[in-house]
Structure formats: structure tokens, C-alpha cells
Amino acid sequence: MATRDELYAKFGITAEAAQLFETELGSLLLCARGLERGWHHQGDPDDARKLLDHIDRSTLGQLLGTLKNCVGLDHGLVDRFASALKARNRLFHWFYKTHGFKIQTDEGRDTMVADLEVLHSELFNAWQVASKMTTLATSFLLEAKREQE
């Protein structure tokens, strides 16, 4: 039987996965735009700051939309990231509302924790994929920079 503290901890861990996914997409977008703008050849700190500020103000949905327009993502990856976006929105906008008073009972909290497990898995896996993409993009940029020098 899940306690309230365990439920709240699982919510926090799931929220962290959502935030890491969002941050990773922002990093990937920053890499892609930097490559487009040739920052690996000639840096532009002012333009980079403006782009980073724009990324930081963007919602996860906006980041995903911008990324789809800037990076060639296959349909499977687009679907996976869209599913993670839905999971994130359900977590932050609907989770407690959907579960209503279930938090008041042992069985209800168990149901809520099980739901969080599903959401966490979706968000964690999307973050891992995005992280691998960012690692590859960063490696590419660093190699291009080394070749230039």
C-alpha cells in the first residue's frame, strides 16, 4: 500500500523525468540551430543568448514543433516524443484532477502510483532517446570544430 509520501515522491521523480526531457530537447535544438548558423566555425554569443532565451521561454510543445521543423525526425521518433508530451501534460495538468479523491484510500494511492509508473516510463524513455541524440549532435559539432582548427 502506497503512502502519501511515496505517492508524492513518485510524482516528483516523474516530474524530474519530464523536466530532463524538456531540457534535452532544448539542448538538441540549440545544437541544431548552432550548426545551421555556423557557430562551430564562428561563434556568436549574442545570437546564442537570444536563442537560448527563446528556448527557455518555450513550452515543451513549442520546442517539439520547432525541433520537427529544424531536424529530420522519423515518424516513429515524432510519435514517441508526441506521446511523451501528452504524458507530461497529463502529469502536470490532469493527474490529480483525474484521480480525484483516490489519494484518500490505500487502493486509490496504489492506482495513482501505478499511473505514475506508466507516465515515468514514457517520459524517462523519451529523455534517454533525446539525450542520445544530443550527445551525437554535440560530438559532431566538436569534431567539426577540431577539423577546422
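## Helix 4 against helix 5

In this predicted model, helix 4 passes helix 5 in a left-handed crossing. The two helices pack at an angle of about 150°, and their axes lie 9 Å apart. On the helix 4 side the contact involves Leu-77, Arg-80, Phe-81, Ser-83, Ala-84, Ala-87, Arg-88, Arg-90, Leu-91, Phe-95, Tyr-96 and His-99. These meet Thr-111, Met-112, Asp-115, Leu-116, Leu-119, Glu-122, Leu-123, Ala-126, Val-129, Ala-130 and Met-133 of helix 5. Sorted by class, this contact has 15 nonpolar, three polar and five charged residues.

Two helix 4 residues in this contact can be followed further. His-99, which has its place in helix 4, has a relative accessibility of 7% and therefore counts as buried. Setting aside residues up to four places away in sequence, His-99 touches Thr-111, Met-112 and Asp-115; those three residues are among the helix 5 members of the contact. Ser-83 is also found in helix 4, but its relative accessible area of 29% makes it partly exposed. Ser-83 and Glu-122 are 39 residues apart along the chain, and their C-alpha atoms are separated by 7.5 Å.

## Helix 1 against helix 4

Helix 1 covers residues 4-36 and helix 4 covers residues 75-99. Their axes come within 11 Å and cross at roughly 140°, so helix 1 is oblique to helix 4. This crossing is left-handed. Helix 1 contributes Leu-7, Tyr-8, Phe-11, Thr-14, Ala-15, Ala-18, Phe-21, Glu-22 and Leu-25 to the contact, while helix 4 contributes Phe-81, Ala-84, Arg-88, Leu-91, Phe-92, Phe-95 and Tyr-96. The residues of this contact divide into 13 nonpolar, one polar and two charged.

Thr-14, placed in helix 1, has 0% relative accessibility and so counts as buried. Apart from neighbours within four places in sequence, Thr-14 is in contact with Leu-91, Leu-116, Leu-119, His-120 and Leu-123. Leu-91 is one of the helix 4 residues in the contact with helix 1. Leu-91 is also listed in the contact of helix 4 with helix 5, where Leu-116, Leu-119 and Leu-123 are among the helix 5 residues.

## Helix 1 against helix 2

Helix 1 and helix 2 pack at an angle of about 150°, with 10 Å between their axes. The two are therefore roughly antiparallel to each other. Their crossing is right-handed, whereas that of helix 1 and helix 4 is left-handed.

The helix 1 residues in this contact are Gly-26, Leu-29, Leu-30 and Arg-33, and they meet Leu-51, Leu-52 and Ile-55 in helix 2. By class the contact has five nonpolar residues, one polar and one charged.

## The nonpolar core

The largest nonpolar core holds 39 residues, and within it Phe-21, Leu-25 and Phe-81 touch the most other members. At least two residues of this core come from each of helix 1, helix 2 (45-57), helix 3 (60-70), helix 4 and helix 5 (106-148).

Phe-81 can serve as an example. Not counting residues up to four places away in sequence, Phe-81 touches Phe-21, Leu-25, Leu-64, Leu-73, Ala-126, Val-129, Ala-130 and Met-133. Phe-21 and Leu-25 also appear on the helix 1 side of the contact with helix 4. Ala-126, Val-129, Ala-130 and Met-133 belong to the helix 5 side of the contact with helix 4. Phe-81 itself is listed in the contact of helix 4 with helix 1 and in that of helix 4 with helix 5.

## Positions with more solvent access

Leu-20 has its place in helix 1. It counts as partly exposed because its relative accessibility is 29%. Leu-20 and Thr-66 are 46 residues apart in sequence, and the distance between them is 18 Å, C-alpha to C-alpha.

Thr-98 is found in helix 4. With a relative accessibility of 52%, Thr-98 counts as exposed, because the cut-off for that class is over 50%. Thr-98 is 56 residues from Gln-42 in sequence and 50 Å from Gln-42 in space, C-alpha to C-alpha.

Technical notes. Residues numbered from 1 in each chain as written. Predicted model: local features only at pLDDT ≥ 70, side-chain atom pairs only at ≥ 80, totals over all residues. Heavy atoms only, no water. Axes fitted to C-alpha atoms, helices over the stretch in contact; angles between N-to-C directions. Parallel < 35°, antiparallel > 145°, perpendicular 65-115°, else oblique. Left-handed = near helix turned anticlockwise from the far one by under 90°. Contact = heavy atoms within 4.5 Å. Nonpolar A, V, L, I, M, F, W, Y, C, P; charged D, E, K, R; others polar. Core = buried A, V, L, I, M, F, W, Y, C linked by side-chain atoms within 4.5 Å. Buried < 20%, exposed > 50% of the residue type's maximum accessible area, 1.4 Å probe, protein only.
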